[in-house]
There are 2 protein chains.
Amino acid sequence: MNENLVRARDNFIEGIGHLSTTVGLSRVTGQLYATLFFSNSPLCLDDIVERLKISKGSASVNIRTLERWGLVRKVWVKGSRKDFYEAEVNFEKIINGELAVQVRRKLGRTLDTLTETENLIKEIPEDLNQEDKKTVEFYQKRLRKMKEIYKLAEGFLESILS
Amino acid sequence: MNENLVRARDNFIEGIGHLSTTVGLSRVTGQLYATLFFSNSPLCLDDIVERLKISKGSASVNIRTLERWGLVRKVWVKGSRKDFYEAEVNFEKIINGELAVQVRRKLGRTLDTLTETENLIKEIPEDLNQEDKKTVEFYQKRLRKMKEIYKLAEGFLESILS
């Protein structure tokens with residue numbers, strides 16, 4: 001391949017790698033997605049290892065992350081026994097698919113944590129000293145605050161996801 | 001402090017630490033924010049080191065990250081020469097402050113990358129072989145696709161941030 005094309009490709013891959021750290025994915029995960037996004041045929045793990053100069057273990061872990069988020073899918077390549085992958089490029093499909101499931105799961109877990117913390121506080125015996133009593137009140141106030149924030153975040157996300 | 005209160009607090013801190021990995025912050029960054037969010041007085045680095053059992057270096061790096069994102073602010077505590085910190089709890093202030101600046105900056109950099117990649121491709125001499133010509137066309141198609149995704153993401157973010 002023409003070296004200017006390789007440079008263009010590497011530039012793109014580096015940029016997406018940088019961006020991915022903003023959305024909770026590692027740099028390598030972003031680079032791997034960009035590699036597949038910028039490839040006109042499916043790639044196997046060995047191709048990815050060669051292009052990104054990463055270990056096979058890292059390639060494999062990051063491919064699984066991308067699969068779990070619905071950003072990459074396994075494809076069958078005639079005549080090969082290796083697993084091949086291609087990038088999902090339909091953005092609407094991505095945000096309405098596994099990505100939505102994962103984000104909702106993470107949010108659900110956060111709500112569980114808040115409820116758990118509330119319950120732990122409710123179970124505290126009444127015979128507390130003055131300072132601890134004040135702390136209980138403060139914690140309850142903060143939990144209400146975090147629930148407000150949670151609801152705002154949930155509202156935003158649902159408006160994006162639906 | 002009552003041990004049930006400590007348990008409730010630690011449960012909260014752990015939950016937020018888990019959540020933070022979804023939004024591009026490390027677990028420790030989230031735990032540190034939660035520690036300040038769940039504290040009724042400002043804390044200094046030594047307090048944080050003790051509560052989270054992390055190194056002073058890690059506490060310092062993570063505090064700076066949180067400050068940069070407008071999630072934490074330095075406060076002056078009478079009679080102490082140490083730096084003290086408290087959590088910003090006003091969610092609207094957070095998303096309209098430094099967070100918005102940082103997100104817009106990251107998005108801007110992504111657009112720069114896309115433009116750079118486009119320019120690199122434009123500079124490629126015309127005398128390419130058939131395969132490379134096809135690759136150029138494919139790369140241009142993909143860049144257009146990424147720009148569409150970029151514009152969608154930008155639209156969503158602006159609707160949240162404004």
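**Figure 1. R9(A) is a buried residue, with a relative accessible area of 10%.** This view, like those that follow, comes from a predicted model. R9(A) counts as buried because its 10% falls under the 20% cut-off for that word. Look for R9(A) in helix 1 of chain A, which covers residues 3-20. Which residues is R9(A) in contact with, leaving aside its neighbours within four places in sequence? Three of them belong to chain A, namely M1(A), F38(A) and R51(A), and the fourth is Y139(B) from the partner chain.

**Figure 2. In chain B, R9(B) is buried too, with a relative accessible area of 10%.** You will find R9(B) in helix 1 of chain B, residues 3-20. Setting aside neighbours within four places in sequence, R9(B) is in contact with M1(B), F38(B) and R51(B), and also with Y139(A) across the chain boundary.

**Figure 3. Chain A and chain B bury about 5,200 Å² between them.** The size of an interface is often given as the accessible area lost when the parts come together. Here, 70% of the buried area is on carbon and sulfur atoms. Which three residues supply more of the area that chain A buries against chain B than any other three? They are L5(A), F91(A) and Y139(A), and together they supply 12% of that area. In terms of contacts, 51 residues of chain A meet 51 residues of chain B.

**Figure 4. A turn of 180 degrees lays chain A on chain B.** The shift along the axis is 0.0 Å, and the RMSD of the fit is 0.0 Å. The two copies are therefore related as by a two-fold rotation axis. The same surface serves both copies, since 100% of the contact residues of chain A recur in chain B.

**Figure 5. Three strands of chain A make an open sheet in the order 1-3-2, with antiparallel pairing.** Why is one side of strand 1 and of strand 2 left without a neighbour in the sheet? Strand 1 (43-44) and strand 2 (72-75) of chain A stand at the edges, so each has a single partner strand. Strand 3 of chain A, residues 84-87, is joined to strand 1 of chain A by two bridges, and these two strands run antiparallel. To trace one bridge yourself, start at C44(A) and step across to its partner F84(A) in strand 3 of chain A. Helix 4 of chain A (residues 56-68) packs on this sheet, where it touches strand 2 and strand 3 of chain A. The direction of helix 4 makes about 105 degrees with that of strand 2 of chain A.

**Figure 6. Helix 2 of chain A, residues 27-37, lies across strand 1, strand 2 and strand 3 of chain A.** Helix 2 runs at about 90 degrees to strand 3 of chain A. How many of the eleven residues of helix 2 of chain A are buried? Ten are, and the helix is mostly covered. Among the buried residues are V28(A), G30(A), L32(A), Y33(A), L36(A) and F37(A).

**Figure 7. The sheet of chain B is also open, with three strands in the order 1-3-2 and antiparallel pairing.** Strand 1 (43-44) and strand 2 (72-75) of chain B stand at the edges with a single partner strand each, so one side of each lacks a neighbour in the sheet. Four bridges join strand 2 of chain B to strand 3 of chain B (residues 84-87), and the two run antiparallel. One bridge to look for links V72(B) with A87(B) in strand 3 of chain B. Helix 2 of chain B, residues 27-37, packs on the sheet and touches strand 1, strand 2 and strand 3 of chain B. Its direction makes about 90 degrees with that of strand 3 of chain B.

**Figure 8. I48(A) and I48(B) touch the most other members of the largest nonpolar core, which has 96 residues.** In soluble globular proteins, nonpolar side chains tend to be buried together. Not counting residues up to four places away in sequence, I48(A) touches L32(A), L36(A), L43(A), K53(A), I54(A), A59(A) and I63(A).

**Figure 9. K53(A) has a positive phi, near 55 degrees, in a residue other than glycine.** K53(A) sits in the loop between helix 3 (45-52) and helix 4 of chain A. Is K53(A) buried or exposed? It counts as exposed, at 70% relative accessibility. In chain B, K53(B) has a positive phi of about 50 degrees although it is not a glycine. K53(B) is found in the loop between helix 3 (45-52) and helix 4 (56-68) of chain B. K53(B) is exposed, with a relative accessible area of 68%.

Conventions. Residues numbered from 1 in each chain as written. Chains lettered and ligands numbered in written order. Predicted model: local features only at pLDDT ≥ 70, side-chain atom pairs only at ≥ 80, totals over all residues. Heavy atoms only, no water. Core = buried A, V, L, I, M, F, W, Y, C linked by side-chain atoms within 4.5 Å. Buried < 20%, exposed > 50% of the residue type's maximum accessible area, 1.4 Å probe, protein only. Contact = heavy atoms within 4.5 Å. Pairing = 2+ DSSP bridges. Axes fitted to C-alpha atoms, helices over the stretch in contact; angles between N-to-C directions. Least-squares fit on C-alpha atoms with pLDDT ≥ 70 in both. Buried area = accessible area lost by both parts, 1.4 Å probe.
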